[in-house]
Amino acid sequence: MQKLASAIQDMAKKLLEEKKVDLVVGFAGGSLPLRSTPCFIRKPEDAEKLTWDYSCENNLANYLRKREGKVAVVAKGCDVRSIVALINENQVSRDNLYIIGIPCSGMVDRVKADEAVEGKDLLAVEENGGSLILKGKGFSKEVKLDELLHDTCKVCRYGNPVVYDTIIGDTVPDKAEDSFADVAAFESLSPAERRAALAAEFSKCIRCYACRNACPMCYCTECFVDCSSPEWIKKSTDTADNIMFQAGRVFHSAGRCADCGACDRACPMGINLRGMTRKMVKEVKDLFGYETGVGMGEKPALATFTAGDPEPFLVKE
Amino acid sequence: MQRNPYLPLPMKLVKNFTETEDKLIHTFTFQFLSEEDEKSFPYMPGQFAEVCVFGKGEAPFGIASSPTEPGFLKFSVAKVGLVSTALHMMEEGTIVGVRGPLGNYYPLEQLKGKNIVIIGGGFAFTTLRSMITYILKPEHRGDYGKLTVIYGARNPGLLLYKEELEEWNGRSDIDLVCTIDRPVEGWTGRVGFVPTVTKEVAPSSENSVAIICGPPVMIKFTMPELEACGFKPDQIIMSLENRMKCGIGMCGRCNVGNRYVCKDGPVFTKAELNQLPNEY
Amino acid sequence: MIIAKNALPGLLDKLAAEYEVYAPVKQGAYSLYKQICNGAEADFGYVNSKIPPKGILFPQSEKLYSYSVTGEGTSLEECVDTRKKVIFGIRPCDAKSLLLMDNVFNNDKFQDPYYLTRRSNTILVGMACNDPAGTCFCTSMDGGPFDQSGLDLLLTDIGEAYVVEAVSQKGKDLAAALALGAADDSQKAAAAEARESAEVACAVNTVGLKARLDVNFYDPIWEKFHEKCLGCAACTYSCPTCHCFDIVDEAKDCNGCRVRNWDSCMFPLFTLHGSGHNPRTSGKERMRQRIMHKFKYFVDNFNATACVGCGRCIKNCPVNLDVREVLADIRGSEARSDK
């Protein structure tokens, strides 16, 4: 990890010194255990702030829209998929972007770490081979790194960036096709059970919109939830409206969601948002054979059509 | 505890009048339903109220009527959002809610014995109308010196309160200068932007106070003209607008620095505003 | 006085018969204050709740009144909640936050009957913090892990039991009604020791902070804090002193209710004028407002900082924007009063 970090620093420094870019968006060390933080480097001498480890969970594609000048971004596999999707939607110019791709084998889920120590206050984390030692007042617990990874990372097949200008780090091994077992489990429930499962999750929602704002693809100037005429959904926190908000968001990102999990990671209340987003990802994949952000120049699945498109929404006699 | 400040007073819309030629500004006259209600609403020129359209919501508007006009409240409202649009379409006879009076008012006590220069632009003439009507009342007129009013709009059709402007024009106890931005056939009055006209009129700053309301760009360019006439920041009074909800200093959105426009304003002197950040 | 831990569920049951009792309840990896029906639901193995208990007095969504309109007039029905409540196990920082909120909802001109009625009907039973979290900085914000401000009773965990101190008359009355036994000397000594050994490791230097904020509204330093900010409300909704709200109608035709919902200065819509003009155009202005409000405007108006150092905004921020670092940077910034 340390080697990776210094390679990233060197690359950032070089790009800034040679004036190939005006800005490098990457990660710096955070103020909490298991926490890195997005950072913006404009001077070569500041490049040493850049870091890389298993806590770089934010999707930096979110910071690339409406940028002036040339920008380099430190991007793991899912960030790159989002970047490709944004380029395909004309939100980011490929010509002004320098992608420092980082093969990624997964990021740590702090909620899982919290659960592992039963909600006690985590004060420090040490690495021990393939494990992390979670420490706090009066406790120390060793947990396998693999067990702490985000669920998104566990099924991610695009740890290796699909597009890049330079790549730092060793390629990660390919994974088997995603079986969408989580979605299948949800689909197997009865409608009443599904409704109950959704209600249980979304009763926790505080409508802080961290999910929406963390999503690189949620860039509407006016989000439908903020619209007052017509008022699509109530502004109050009501479970049914909370579900409507998320459902609206998920429908709007159909064929655009790269399943990066940024929404899920941003949620302070620990709501399982991927339950919904991945259902849509699976639908789009099943119907159109389309995966977001893996092919440069592709049109989003729902922004194009072919004569062979399935029409499952047509009721056939 | 005092009465619940969130509860509106029911009032009846007795007149929905299309004020401007472009039909974007209507003047609404609301009647108090009882004498008791009216007593519970003692207001002064410069204050505002939250007008609530049941089923749509509330929005704050400056009170255009004067406390010297008993029995009703008047508001001139531009059609911009949910509530104002609903108001524009409202039939006479409908019941609305009015919450207030809110905010502070023009410092009528301190203005006694002084010459008053009122400068208004566009549809930001509402509380200025209240002020002028108040001063022109025979029992108040003697308390104040010379009254000069400069009022501009893009074209004659966009001037508010046309009948009253005409009446004021014929009086000797008010010096009214109406102006439009560009010449129009049939308009015999002055032509020119408010800052230019202010420069021409050159009101004296001696023992005077200027009250100025209008679009930001008008205020920006009129300020130097007033300063050139010798007006000091504490002789210039402004009325601010910011997005508001509660109107009582709690919901936290209308602040400019440490002051709430709703509770500590909307009336501030330029001297006070100079101490605050420019977030309005 | 003393409450044995094994007697606590029974005691909470007893309270629940007379009051709405709110206590920390586990929800996955975190705790929340929730209304409990029986004492067994409460779980006091918490550091602090994910979201502050302010929502018990100032709910995230709250009906102010309902209305129905006819041709003849209107009928309005106020929805003031007068039920008696106990918040059992509130942390000292959160109790202090309510004292700060009192300034807002009972200001120099107006009183908010919804908050104030609940406030006067609520008893605050505090739980001292023997083990403050790594993100706690209450001692830098004029508070402390055993601070009694705003509390009615203060409990100290001594292992098998809680030592109880009455702070206010309300607290004394409640203790008397519950017929709490007296603590013996060794129990009192254990509580005193817990107080001695409670350590808030994190300190935020606030010397000169206000003076700096007084003059640096136009400082370029504000350009940098917001760059990574997502503009969500995770910080403000998890802040025990943030009190901003919106008022909306929820109605069909002319019958319905007026509702207030928490709102956040971090949202662009918060200050957007009907004309389209926005006095706080970007994340920079909004971030500045949040900091200024807490550490300058509130101090100007109420002579107190609107931060109690609970650390929730630090833990809940999706991008690790740490208010402690922001404050440190501001203290180090240069004075700039030119516009």
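Mentor: Two strands pair if DSSP finds at least two bridges between them. Helices (H or I, at least four residues) and strands (E, at least two) are DSSP runs, numbered from the N terminus. This is a predicted model: local features need pLDDT of at least 70, side-chain atom pairs count only at pLDDT 80 or more, and totals for chains, interfaces and linings use all residues. Residues are numbered from 1 along each chain's written sequence, with chains lettered from A and ligands numbered from 1 in the order written.

Trainee: How many bridges join strand 5 of chain A to strand 6 of chain A?

Mentor: Strand 6 covers residues 131–136 of chain A, and strand 5 runs antiparallel to it. In this pair, A:V125 faces A:L134 of strand 6. The number of bridges joining the two strands is five.

Trainee: Which strands of chain A stand at the edges of the sheet?

Mentor: The open sheet has three antiparallel strands in the order 5-6-7. An edge strand has a single partner, so one side of it is left without a neighbour in the sheet. That describes strand 5 (124–128) and strand 7 (139–144).

Trainee: What is the average twist from one strand to the next in that sheet?

Mentor: The sheet is the open one in chain A, with order 5-6-7. Its average twist from strand to strand is 20°.

Trainee: How many residues does domain 2 of chain A bring to the contact with domain 1?

Mentor: An automatic or database assignment sets the bounds: domain 1 of chain A is 2–109 + 149–303, and domain 2 is 110–148. Their C-alpha centres lie 25 Å apart. Domain 1 brings seven residues to the contact (C-beta atoms, placed from the backbone, within 7 Å), and domain 2 brings eleven.

Trainee: Are helix 7 and helix 9 of chain A roughly parallel or roughly perpendicular?

Mentor: Helix 7 is residues 191–202 and helix 9 is residues 239–252; their axes come within 9 Å and cross at roughly 95°. Axes are lines fitted to C-alpha atoms, for helices over the stretch in contact, with angles from 0 to 180 degrees between N-to-C directions. Under 35 degrees counts as roughly parallel, over 145 as roughly antiparallel, 65 to 115 as roughly perpendicular and the rest as oblique. Helix 7 and helix 9 of chain A are therefore roughly perpendicular.

Trainee: Which residues of helix 6 of chain B meet helix 7 of chain B?

Mentor: Helix 6 (residues 194–201) and helix 7 (residues 216–228) of chain B have axes that come within 8 Å and cross at roughly 15°. That makes the two helices of chain B roughly parallel. Helix 7 offers B:M218, B:F221, B:T222, B:E225 and B:L226; facing them in helix 6 are B:V194, B:P195, B:T198 and B:K199.

Trainee: Which element supplies the largest share of the side of domain 1 of chain C that touches domain 2?

Mentor: Domain 1 of chain C is 2–197 and domain 2 is 209–331. The contact takes 32 residues from domain 1 and 27 from domain 2. Strand 4 (61–69) and helix 3 (92–105) each supply at least two residues of the domain 1 side. The largest share, nine residues, comes from strand 4 of chain C.

Trainee: Which strands of chain B each supply at least two residues of the side that touches chain C?

Mentor: Here 35 residues of chain B contact 43 residues of chain C. The strands on the chain B side are strand 4 (57–62) and strand 6 (95–102).

Technical notes: Contact = placed C-beta atoms within 7 Å.
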